[in-house]
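Here is a short briefing on a protein and its ligand. Look at the structure first, then read on.

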Amino acid sequence: MTVLEQPGSYRPTPPPAWRPRTDPAPLLPDAEPYRVLGTEAADGLDAGLLLRLYGHLVRGRRYNAQATALTRQGRLAVYPSSTGQEACEVAAALALQEQDWLFPSYRDTLAAVARGLDPVQALTLLRGDWHTGYDPHEHRIAPLCTPLATQLPHAVGLAHAARLKGDDVVALAMVGDGGTSEGDFHEALNFAAVWRAPVVFLVQNNGFAISVPLAKQTAAPSLAHKAVGYGMPGRLVDGNDAVAVHEVLTEAVQRAREGGGPTLVEAVTYRMDAHTNADDATRYRSDAEVDTWRGHDPIALLEQELTARKLLDEATVAAEQEAAERMAADLRERMNQDPVLDPMDLFTHVYAEQTAQLREQAEMLRAELDAAAEAAPASPEGTQR
Ligand SMILES: Cc1ncc(C[n+]2csc(CCOP(=O)(O)OP(=O)(O)O)c2C)c(N)n1
């Protein structure tokens, strides 16, 4: 007699004993973002580190202001400012060792510059040029990535490959809160955790993905909580506290280097400027909200700590401001020079061996350029724009 013929007597066999494969408790982020400045944790901090961070933050803010001004002068096509987020940018760069790799998004110019990239080269792409503008291998900085979150699987791939080769390399990948909704975010974190790849994911939660606020982006308790689903630790940090971000990232990088696997860090911060110069932020957020964040400014927080510890005097502030002005003047001057570009360059790096179709297109362009050069009076400057 079957079970169906005896409905009242059916007793399901209990499932095999189940327990989580990983204890989720140690992976959970703290309830509150981790802070150092203005707390007891700041006692005994290395003065050299504080002053180094301060100098980078001051120059970084000036860089954002100058690059934004260059968009108004038509020298840059677009600039996504990281004003308000400088602590994340600088700490990300300083947490890495020389042999490590940085995978930035379009907003992370400052991180690239803090890692040593020429400030002009960092703006080449945003100037409307067709290529990255720098050699990614020279400073181990991947191209500033515009398609959201695609830099994350690249970072995981590089880190995993480095480990297979036995190279001591950690990859730090930066992404915005909006980018966490992309499939690439999921694929990168899942692969990284399964393979224990030496990667650190830094999410800068700056409140918005253009006009979309975080509440419409995710229903998760925090973005750091997402880490638990992949089996890696999630850390929540005050993204405007440069020392806290530096400490958390340095720990995560160290953990990755020692074979401990990836970490997801959510830095809670705020984008003080509009999404880019092409955006009007007043259409989706209030001045009062922006003012609240002005009271938690990353540079002011560090200045307060330095002043309280008598590490900052007027002369030091003036010297840092002067250094920032010199950097801005140099940036202005070099960005105001017209680059001389060869349109034929378009074909140079597409394939190692050019296809017949590309060869045909290149010949067509060559002929058009030659015809245009014959028709117009010769220009010694070459092609300008
Ligand atoms: C795959 C992809 N989809 C859409 C866009 C258009 N886009 C550019 S920026 C942006 C918002 C991203 O916000 P977030 O990830 O929070 O980073 P933030 O700009 O705040 O630094 C969107 C949707 C894009 N660049 N790539």
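How do the residues of the shell around the ligand divide into nonpolar, polar and charged? Six are nonpolar, six are polar and three are charged. Here Ala, Val, Leu, Ile, Met, Phe, Trp, Tyr, Cys and Pro count as nonpolar, Asp, Glu, Lys and Arg as charged, and the others, Gly among them, as polar. This is a predicted model: local features need pLDDT of at least 70, side-chain atom pairs count only at pLDDT 80 or more, and totals for chains, interfaces and linings use all residues. Residues are numbered from 1 along each chain as its sequence is written, and side-chain values use heavy atoms, without hydrogens and water.

**Around the ligand**
- The ligand has 15 residues around it (a heavy atom within 4 Å).
- Y106, R107, G178, G179 and N206 come nearest.

**Atoms facing the ligand**
- N206 places a polar side-chain atom 2.9 Å from a ligand oxygen atom.
- F208 has a backbone N or O atom 2.9 Å from an oxygen atom of the ligand.
- For H275, a polar side-chain atom lies 3.5 Å from an oxygen atom of the ligand.

**Domains**
- Domain 1 covers 22-210 + 217-277 + 285-335.
- Domain 2 covers 345-375.
- These bounds come from an automatic or database domain assignment.
- The centres of domain 1 and domain 2, taken over C-alpha atoms, are 39 Å apart.

Notes: A polar contact is a pair of N or O atoms within 3.5 Å; within protein, one must be able to donate a hydrogen and the other to accept it, and residues adjacent in sequence count only if both atoms are side-chain atoms.
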